[in-house]
Amino acid sequence: MPEQPSVSELAEKVLAHPSVARLAGGAFGEITSYFPGHRITGVRMPEDGSVEIGVVVRLDQPVDKTVAELRESLAGLLGETRVDVYVSDVETAEDTPESA
């Protein structure tokens, strides 16, 4: 069985998608992985073996298409592992980094 990717690798893969503006921790920051001295917000690997991803997406394509593409790209790293993608917010072309 292939080695499980790290939380950092998953975060990088998600952020590489052109429709992902940034990772997001959810309403209460629950989608976060904690490590000594730092944390990675937007990726969590619960004990049940699934993966949770929290994102803010750009509205350059339908949101459901972005979510499907994220699941597909992560399947290459995770195989049959269940991936839950939570969209916390969306950005339009008019949104600026200051208003997001």
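Me: Before we start, what counts as a salt bridge here?
Reply: A salt bridge is a side-chain nitrogen of Lys or Arg within 4 Å of a carboxyl oxygen of Asp or Glu. This is a predicted model, where local features need pLDDT of at least 70, side-chain atom pairs count only at pLDDT 80 or more, and totals for chains, interfaces and linings use all residues. Residues are numbered from 1 along each chain as its sequence is written, and side-chain values use heavy atoms, leaving out hydrogens and water. By that definition, the number of salt bridges in the structure is five.

Me: Nice! Which residue forms a salt bridge with Asp48?
Reply: The closest N and O atoms of this pair are 3.8 Å apart. Asp48 lies in the loop between strand 4 (43-44) and strand 5, and its partner, 34 residues away, in the loop between helix 2 and strand 6 (helices, H or I of at least four residues, and strands, E of at least two, are DSSP runs numbered from the N terminus). That partner is Arg82.

Me: And which residues are linked with Arg82 in a network of salt bridges?
Reply: Arg82 also meets the side chain of a second acid, at 3.0 Å from N to O. That second acid has 16% relative accessibility, so it counts as buried (under 20% relative accessible area; exposed is over 50%, partly exposed in between; 1.4 Å probe, protein chains only). The network joins Arg82 to Asp48 and Asp84.

Me: Is Asp48 buried or exposed?
Reply: Its relative accessibility is 56%. Arg82, at 47%, counts as partly exposed, whereas Asp48 counts as exposed.
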